[in-house]
Structure formats: structure tokens, C-alpha cells
Amino acid sequence: MNKSFQLEVNQEYFYLLYKAKNTIWYFNELVKSGYSGYSAIKFQNEDGIFVWLENIRIEDSYYCGVLSESNELKNVTLNIAIDWMIIERQRMLGGYSIRHYWNTLGEEEKLNFEIECGFRIDEGNDFFRPDRSTPEGAILTIEEFYSHKDLDGIISCKDFRKEAENIMIEHAVEINEKTHEMITSALKVSFFEELEISGFPNFEGIERVFTLKDQREDQQLIEEKVIYRDGSIKINELWVWNSGPAGWKVLNLVEKN
């Protein structure tokens with residue numbers, strides 16, 4: 001399969017590489033479990049050229065496979081992979097550098113590119129680890145707690161005091177302890193009231209695509225596109241805060257105008 005093309009190196013490209021790096025654990029686990037479909041990783045060879053290694057096996061700390069351009073057998077260390085991909089039911093998962101190029105094409109060009117590749121390309125499904133080591137992982141973590149109706153877990157992923165600080169900054173409210181405590185308390189009450197009225201949302205069996213929309217100091221605004229089994233889509237934008245040793249915390253949902 002020929003996957004050689006010119007990539008535009010910009011902020012979107014770097015974010016997609018970040019996604020590849022933080023989702024390759026899923027690829028590794030899949031390969032180790034005996035995945036039999038098409039699999040490949042991308043790495044930079046000795047000549048400084050980025051190439052794809054296909055039909056992947058993992059042995060010790062090495063990817064073992066066949067170079068796509070030459071069919072040469074090759075072993076490379078796990079830590080040098082910058083991208084990964086699998087083909088599942090004729091659909092590409094991973095392949096972030098390929099998707100970046102595909103996003104630059106017009107509709108007819110996209111169709112021709114898919115025909116040439118022999119698989120379908122869409123926005124994909126981002127398999128971040130559900131933990132608080134990344135902003136996206138923190139969102140997955142709190143959604144797992146929601147699905148399991150684990151209130152303590154949900155609260156461990158939030159920080160109402162930081163949310164209150166954001167609100168004061170956004171509305172140009174003078175930051176003092178009394179106002180800070182009052183808004184923090186109001187946010188807590190509102191959270192529990194909403195949970196009592198609407199119940200725990202369920203996030204099982206969905207796909208997610210994450211996009212970095214904005215960032216400031218120790219916070220990131222993450223867009224989460226939720227794709228349900230029936231094909232319906234919901235877009236959430238959430239501020240996520242790097243709280244330090246406790247990892248990333250999910251703050252306020254940004255209201256759409």
C-alpha cells in the first residue's frame with residue numbers, strides 16, 4: 001500500500017501526532033492479543049525518512065514486520081513509532097498522519113484517495129487511556145464513572161473551586177475569598193440538583209473524537225465529538241485543568257451560543 005504524500009506541518013499535525021502517541025497503547029494491546037487484520041506503525045528510518053512497517057508482531061520491546069515499500073523484514077524498537085493504524089471492517093483506525101493529509105483534500109480527492117488505499121477514512125475513534133494523565137483521558141475517566149453511577153469517582157475528577165475561579169475571570173468578577181466560596185458552593189448545589197433531576201448519563205458503546213480548541217496556562221479547552229451507535233452526534237466542549245500530582249480535572253462545560 002502506497003502511503004507516501006506530502007504533509008503540511010502545522011498545529012493540527014502536532015496535535016494529531018500527540019493523539020497517535022497517547023493512543024498507541026491500544027494498538028499494542030490489540031496486537032499482543034492476536035489481532036489478525038491489517039496493522040502498521042510509522043517510524044523514521046536510518047535515512048531520516050518516515051516509513052510504514054506492516055503486518056505487525058510485538059516481540060519483547062520490538063515491532064516486527066515488513067516495510068511497505070520494499071517488503072523487507074524489519075524489527076524496530078517500540079519507542080520510535082510515531083503513528084499506528086489498523087483496518088477494521090474496511091475502516092481505518094489510528095493513521096493520524098494519513099488522516100491529517102486526507103483532511104486537506106477536497107471531497108472528490110478524498111473519495112479517490114480512499115479508493116486508492118482500499119479502505120474508508122473518517123474522523124476515527126480516539127482510544128486514550130481512561131486515566132488523568134491527559135486531558136482527554138480525564139474526560140474518559142469521568143464518563144466511565146458516570147456510566148457506572150460512581151458519584152465518588154465523578155467528584156474525584158472535578159474541582160468546583162477551579163471552576164468558580166474560571167467563572168469569575170470570564171465575567172470580570174473581582175476575585176476574593178468570599179465570592180470564591182459563594183460561587184463554589186453554588187456550583188456544587190447546581191451539580192447535585194442536575195444529577196438528581198436528569199440522572200447519570202451513560203457513555204457506554206460510543207465513539208469519541210477529540211480536538212484541542214484552546215489553551216491557557218494550565219488549562220485546555222477540549223472538544224469531544226460523541227458518536228452514538230445510531231449515528232447521532234453530540235459535541236461537548238470542556239475546560240480541563242492540570243491540577244498537578246492529582247492529574248487533569250474536568251471543569252466546566254462551555255455553553256454553545
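Me: Which strands does helix α4 (residues 135–147) lie across, and how do I read such a packing?

Reply: Helix α4 lies across β7, β8, β9 (233–242) and β10, and it runs at about 55 degrees to β8. Helix α6 (residues 160–170) also packs on the sheet, touching β7, β8, β9 and β10, and its direction makes about 45 degrees with that of β10. Touching is judged by contact, meaning heavy atoms within 4.5 Å, while axes are lines fitted to C-alpha atoms, for helices over the stretch in contact, with angles from 0 to 180 degrees between N-to-C directions. Helices (H or I, at least four residues) and strands (E, at least two) are DSSP runs, numbered from the N terminus, and the chain comes to 7 helices and 10 strands. This is a predicted model, in which local features need pLDDT of at least 70 and side-chain atom pairs count only at pLDDT 80 or more, whereas totals for chains, interfaces and linings use all residues. Residues are numbered from 1 along each chain as its sequence is written, and side-chain values use heavy atoms, leaving out hydrogens and water.

Me: In what order do the strands of the open sheet stand, and is the pairing parallel or antiparallel?

Reply: Strands of a sheet pair through backbone hydrogen bonds, either parallel or antiparallel. Here 4 strands form an open sheet in the order β7-β8-β9-β10, with antiparallel pairing; two strands pair if DSSP finds at least two bridges between them. The edge strands, each pairing on one side only, are β7 (207–216) and β10 (248–253), and from one strand to the next the twist averages 35 degrees. Between β7 and β8 (residues 219–227) there are 9 bridges, and arginine 208 has valine 226 in β8 as its bridge partner.

Me: How many disulfides does the structure hold?

Reply: A disulfide is a covalent bond between the sulfur atoms of two cysteines. The structure holds 0 disulfides, taking as the cut-off a pair of cysteine sulfur atoms within 2.5 Å.

Me: Why does cysteine 64 count as buried?

Reply: Buried means under 20% relative accessible area, exposed over 50%, and partly exposed in between (1.4 Å probe, protein chains only). Cysteine 64 counts as buried because its relative accessibility is 2%, and cysteine 117 counts as buried because its value is 10%. Of the 257 residues of the chain, 47% count as buried.

Me: Which arginines lie over the face of an aromatic ring?

Reply: A charge sits over a ring if NZ of Lys or CZ of Arg is within 6 Å of the ring centre and within 35 degrees of the ring normal. Arginine 99 lies over the face of tyrosine 96, at 5.6 Å from the ring centre, and arginine 216 lies over that of tryptophan 239, at 3.8 Å.
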